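Dear colleague,

I am handing over the structure below, and I would ask you to keep it open while you read. After it comes a description of what was found, written so that each point can be looked up in the picture.

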Amino acid sequence: MVPQKKYPFINVHTHQEDDPGVVSVLNIMADNGVLNESPKNVFFSAGFHPWYINPLSCPSENEVVGFLDHCYKQQGFLAVGEAGLDKLSAVSMEIQKRVFL
């Protein structure tokens, strides 16, 4: 006999907002644009991915912190995700360090 499912499936990292029957943590990225309002009926994490830093318009520390602070104040915010240094990024380590350290 197969036991009844007591708990819903939980996806702790997704980029899809609508997934019926799943408790999702939607990942919001700063490079996707400004977060004007929190996603509806979902939990979310916020990040600033090193792969998408534009070396010509490198964000300041204030911009990164400002975006994360804005997200932190929204209902449903759970975590910071996809932020930090990445050796596989085409963006130089020097620029990544300027943004994240």
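**The sheet and its strands**

Phenylalanine 9 stands opposite valine 22, which belongs to strand E2. Please keep in mind from the start that this is a predicted model, and that what follows describes this model. Further along, asparagine 11 has serine 24 of E2 as its bridge partner. Strand E1 and strand E2, which spans residues 22–29, pair in the parallel sense over 4 bridges.

It may help to step back and look at the whole chain before going on. The protein chain contains 2 helices and 4 strands, and, read from the N terminus, its elements follow the pattern β-β-β-α-β-α. Of the 101 residues in the chain, 35% are buried. Among the contacts with a separation of 6 or more, 49% are between residues that lie 24 or more positions apart.

The 4 strands form an open sheet in the order E1-E2-E3-E4, and the pairing is parallel. The strands at the edges are E1 (9–14) and E4, each of which pairs on one side only. If the direction is ignored, neighbouring strands of this sheet are turned by 20° against each other on average. Helix H1 packs on the sheet, where it touches E2, E3 and E4, and its direction makes about 175° with that of E3. As general background, strands of a sheet pair through backbone hydrogen bonds, and they do so either parallel or antiparallel.

How many of the 8 residues of E2 are buried? The count is 6, so E2 is largely enclosed by the rest of the structure.

**Serine 45 and its surroundings**

E2 and E3 also pair in the parallel sense, in this case over 5 bridges. In this pairing, asparagine 27 stands opposite serine 45 in E3. The side chains of these two residues, serine 45 and asparagine 27, make a polar contact at 3.0 Å.

Is serine 45 buried or exposed? Its relative accessibility is 6%, and since buried means under 20%, serine 45 counts as buried. If residues up to four places away in sequence are left out, serine 45 touches Val25, Leu26, Asn27, Ile28, Phe77, Ala79 and Gly81.

**The aromatic rings**

The structure holds 2 aromatic pairs. One of them is formed by phenylalanine 44 and phenylalanine 77, and this pair is edge-to-face, with 5.6 Å centre to centre and 70° between the planes. Phenylalanine 44 lies in strand E3 and phenylalanine 77 in strand E4 (residues 77–83), so the pair ties together parts that are 33 residues apart in sequence.

Tyrosine 72 and phenylalanine 77 form an aromatic pair that is likewise edge-to-face, with 6.2 Å centre to centre and 75° between the planes. Taken together, the ring pairs link Phe44, Tyr72 and Phe77 into a cluster.

Which members of this cluster are buried, and which is exposed? Phenylalanine 44 is buried, with a relative accessible area of 0%, and phenylalanine 77, at 17% relative accessibility, counts as buried too. Tyrosine 72, by contrast, has a relative accessible area of 59% and is exposed.

**The two sides of helix H2**

Helix H2 covers residues 93–100, and within this helix Ile95, Gln96 and Val99 are buried. Why do these buried residues lie on the same side of H2? They cover an arc of only 100° around the axis, and this puts them on one and the same side of the helix. The general rule behind such a pattern is that an α-helix has 3.6 residues a turn, so residues three or four places apart point the same way.

The buried residues of H2 are covered by parts that include strand E3 (43–48) and helix H1 (61–72). On the face of H2 that is turned away from its buried side, you will find the exposed residues Glu94 and Arg98.

With best wishes

Key:
Residues are numbered from 1 along each chain as its sequence is written. This is a predicted model: local features need pLDDT of at least 70, side-chain atom pairs count only at pLDDT 80 or more; totals for chains, interfaces and linings use all residues. Side-chain values use heavy atoms; hydrogens and water are left out. Buried means under 20% relative accessible area, exposed over 50%, partly exposed in between (1.4 Å probe, protein chains only). The arc is that of the directions from the helix axis to the C-beta atoms. Contact means heavy atoms within 4.5 Å. Rings of Phe, Tyr and Trp (its six-membered ring) pair if their centres lie within 6.5 Å; planes under 30 degrees apart count as stacked, over 60 as edge-to-face and the rest as tilted. A polar contact is a pair of N or O atoms within 3.5 Å; within protein, one must be able to donate a hydrogen and the other to accept it, and residues adjacent in sequence count only if both atoms are side-chain atoms. Two strands pair if DSSP finds at least two bridges between them. Axes are lines fitted to C-alpha atoms, for helices over the stretch in contact, and angles run from 0 to 180 degrees between N-to-C directions.
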